Amino acid sequence: MSSKVVVNQNFNKNISNYQSNVDNNKSQQRNHEEFEETPTWAAVVTVLGYAILSALGWLRDFLRHIGLEQKQTAHDPNPKDFVPLYQSYECFYTRNLYTRIRDVFNQPIASVAGAKVNVMERISDDYNWTFKFSGKKISAINLGSYNYLGFAENQGPCSEQAIKSIEKYGVTTCSTRHELGHQRYVKELEALMAEYLSVEDCIAFGMGFATNALNIPTLAGKGDLILSDRLNHVSLILGARLSGATIQTFDHNDMKDLEVHLRKAIISGQPRTCRPWKKILIIVEGVYSMEGSLCKLSEIIELKKKYKAYLYVDEAHSIGAIGSRGRGVVDYWKVDPNDIDIHMGTFTKSFGSAGGYIAGKKQIIDHIRVCSHSACYSSSMSSPIVHQIISALTIIMGRDGTNDGQQRIRQLACNVRYFRRQLVDMGFIVYGNDNSPVVPVMIYMPAKIAAVNREMLKRGCAVVTVGFPATLLTESRVRFCISAGHTKEMLDHALKAMDDVGHLVSLRYSKKNPHRRWIELNHSDYDKEYIC
């Protein structure tokens, strides 16, 4: 063999290795998730803060008991020898901790919940026990709604179709589908959704929460095992409990722990009898709404096939918002839709409407149509609700003759990368996947839950702050929800506001990234990335 041939072979081999390394790096970058550990001092101060608040709460309860402080809570109507109705820790927490910052939760709005929103200002004269409206409306950038593709609009083709449908069909049938029947638009929606997801059939429901809570019991029961991710949504947890099946949880997104549970379930079988489980159902979410993480779908499918289990994927926060065609984590991970037994999702987020769906093989969907409590007892979906979904879905699929749907999907992905990367580079601890439209920034301490919310609203940004018991005690956070409707100017305004608030209340906890102000960043780097 000549030296020239050897050189060419080595050159081709090096090129091949280089390309392989580039592809691997791209894959790792694309699927990068960050969950930086809570600083020890922040955890200690957070627990200490809750301890002090609890101690003050017990003191105030004692003062209320002896009459030195007026009771603002509901009085127990039962006689003294009855078991008290209001003695749980939940009531104590609501009275003494939640009420202190109640002004930052459940804030009423007076506009469409689009990219911008009008928040109605409330004032309280009794430390948040009661509120009254000042009459002022605060215009703010909406960073709290799940309006991922920007379809929450009162103008445009979707709203026009919804209004026309009222003129033709009215608002409701005032009956369940099993009694009076259903209108043709419901069947049209289900057929269109099944085609969009590339599955055999689909059934739609009027409420997203009930889609999980009332349909999981039709799929699992006594003698079955449900393996549920530890951070699954409460609707999934409730559905699993109502089913009567045995429930085991595995560590969040931990495939090794999931496999351990699968192996143990098959080897040991049911408790006491050791009989094999009738079926094993794995339940995960596409995008976890508190963590901003994506499920490792391709790995879960491998385990599901290996151990002959069934797979239920909740795509409430991923359908429309993830993947090159907006088809959720199935699209993102490029897996075969038929490898997933149950596709679940909601219409309340990316589609700007209400309700939910379950899709999959026709045999399974037919079983749900007959056996589901939600299908039997809930009213048929309203015409404007359904036509809003159909119109949005038509745009996403490109059947309106425009590129608007793909543009919205690309714009959302672009906005997410632009916003999330700058928060990380400023030294904030940001949880989740780099491509997730849910962007949680850790704030930890209870006093900062209210401070961040109030200060952001002063700067024209409506945000959602979350704390215990919705999160772990030491993991309070502000959760940004990015939309395709947000412009670059809006995102810059929000980043500048977060920079100011982060400096004011000391939110830069990261040990991995330097702490920098927004003005110190090299904005030309981010501008290059912001090309949609």
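# Exercises on a predicted structure

The axes of helix α15 (residues 404–425) and helix α17 (residues 488–505) come within 11 Å and cross at roughly 20°. The model used in these exercises is a predicted one.

## Exercise 1: two helices

Task: decide whether α15 is roughly parallel or roughly antiparallel to α17, and describe the contact between the two helices.

Solution. Begin with the angle, which is roughly 20° for the axes of α15 and α17. Angles under 35 degrees count as roughly parallel, and therefore α15 is roughly parallel to α17. The hand of this crossing of α15 and α17 is right-handed.

Next, look at the residues that make the contact, where α15 contributes Asn 415, Tyr 418, Phe 419, Gln 422 and Leu 423, while α17 contributes Lys 488, Leu 491, Asp 492, Ala 494, Leu 495 and Met 498. Sorted by class, the contact of α15 with α17 consists of seven nonpolar, two polar and two charged residues.

## Exercise 2: aromatic pairs

Task: state how many aromatic pairs a search of the whole structure finds, and work out how the rings of Tyr 332 and Trp 333 are arranged.

Solution. The search of the whole structure gives 13 aromatic pairs. A pair of aromatic rings is described by the distance of the centres and the angle of the planes. For Tyr 332 and Trp 333 the centres are 5.3 Å apart and the angle between the planes is 85°. Planes over 60 degrees apart count as edge-to-face, and that is the arrangement of Tyr 332 and Trp 333. Tyr 332 has 4% relative accessibility, so this residue counts as buried.

A further pair is formed by Phe 419 and Phe 480, which are also edge-to-face, with 5.2 Å from centre to centre and 70° between the planes. This pair links distant parts of the chain, since Phe 419 belongs to helix α15 and Phe 480 to strand β15 (residues 476–481), with their positions 61 residues apart. Phe 419 and Phe 480 are both buried, and Phe 419 is one of the residues with which α15 makes its contact with α17. Elsewhere, Trp 41, Tyr 444 and Tyr 509 form one aromatic cluster.

## Exercise 3: backbone angles in loops

Task: find what is notable about the peptide bond from Phe 468 to Pro 469, and about phi of Asn 106 and of Cys 274.

Solution. Most residues other than glycine have a negative phi, and most peptide bonds are trans. The bond from Phe 468 to Pro 469, however, is cis, with omega near 10°, and Pro 469 is found in the loop between β14 (464–466) and β15.

Turning to phi, Asn 106 has a positive value near 55° although the residue is not glycine. Asn 106 sits in the loop between α3 (89–98) and β2 (116–123), and because its relative accessible area is 63%, Asn 106 is exposed. Cys 274, likewise a residue other than glycine, has a positive phi near 65°. Cys 274 is placed in the loop between α9 (255–268) and β7 (280–285), and its 54% relative accessibility means that Cys 274 counts as exposed.

## Exercise 4: accessibility and contacts

Task: say which residues Ser 293 touches, and whether Ser 293, Pro 337 and Arg 122 are buried or partly exposed.

Solution. Take Ser 293 to begin with, in the loop between β7 and α10 (297–306). Its relative accessibility is 0%, so Ser 293 counts as buried. Not counting residues up to four places away in sequence, Ser 293 touches Glu 33, Phe 35, His 252, Asn 253, Gly 286, Val 287, Tyr 288, Gly 432 and Asn 433.

Pro 337 lies in the loop between α11 (328–332) and β9 (342–346). Buried means under 20% relative accessible area, and Pro 337 is therefore buried at 15%. With neighbours within four places in sequence left aside, Pro 337 is in contact with Leu 197, Ser 198, Val 199, Val 330 and His 343. The C-alpha atoms of Pro 337 and Gly 360 are separated by 8.4 Å, while the two residues are 23 residues apart along the chain.

Finally, Arg 122 belongs to strand β2, and with 22% relative accessibility Arg 122 counts as partly exposed. Its contacts, leaving aside neighbours within four places in sequence, include Arg 102, Asp 103, Phe 105 and Asn 106, and the last of these, Asn 106, is the exposed residue with the relative accessible area of 63%.

Key: Residues are numbered from 1 along each chain as its sequence is written. This is a predicted model: local features need pLDDT of at least 70, side-chain atom pairs count only at pLDDT 80 or more; totals for chains, interfaces and linings use all residues. Side-chain values use heavy atoms; hydrogens and water are left out. Axes are lines fitted to C-alpha atoms, for helices over the stretch in contact, and angles run from 0 to 180 degrees between N-to-C directions. Helices (H or I, at least four residues) and strands (E, at least two) are DSSP runs, numbered from the N terminus. Angles under 35 degrees count as roughly parallel, over 145 as roughly antiparallel, 65 to 115 as roughly perpendicular and the rest as oblique. A crossing is left-handed if the near helix is turned anticlockwise from the far one by less than a right angle, and right-handed if clockwise. Contact means heavy atoms within 4.5 Å. Ala, Val, Leu, Ile, Met, Phe, Trp, Tyr, Cys and Pro count as nonpolar, Asp, Glu, Lys and Arg as charged, and the others, Gly among them, as polar. Rings of Phe, Tyr and Trp (its six-membered ring) pair if their centres lie within 6.5 Å; planes under 30 degrees apart count as stacked, over 60 as edge-to-face and the rest as tilted. Buried means under 20% relative accessible area, exposed over 50%, partly exposed in between (1.4 Å probe, protein chains only).
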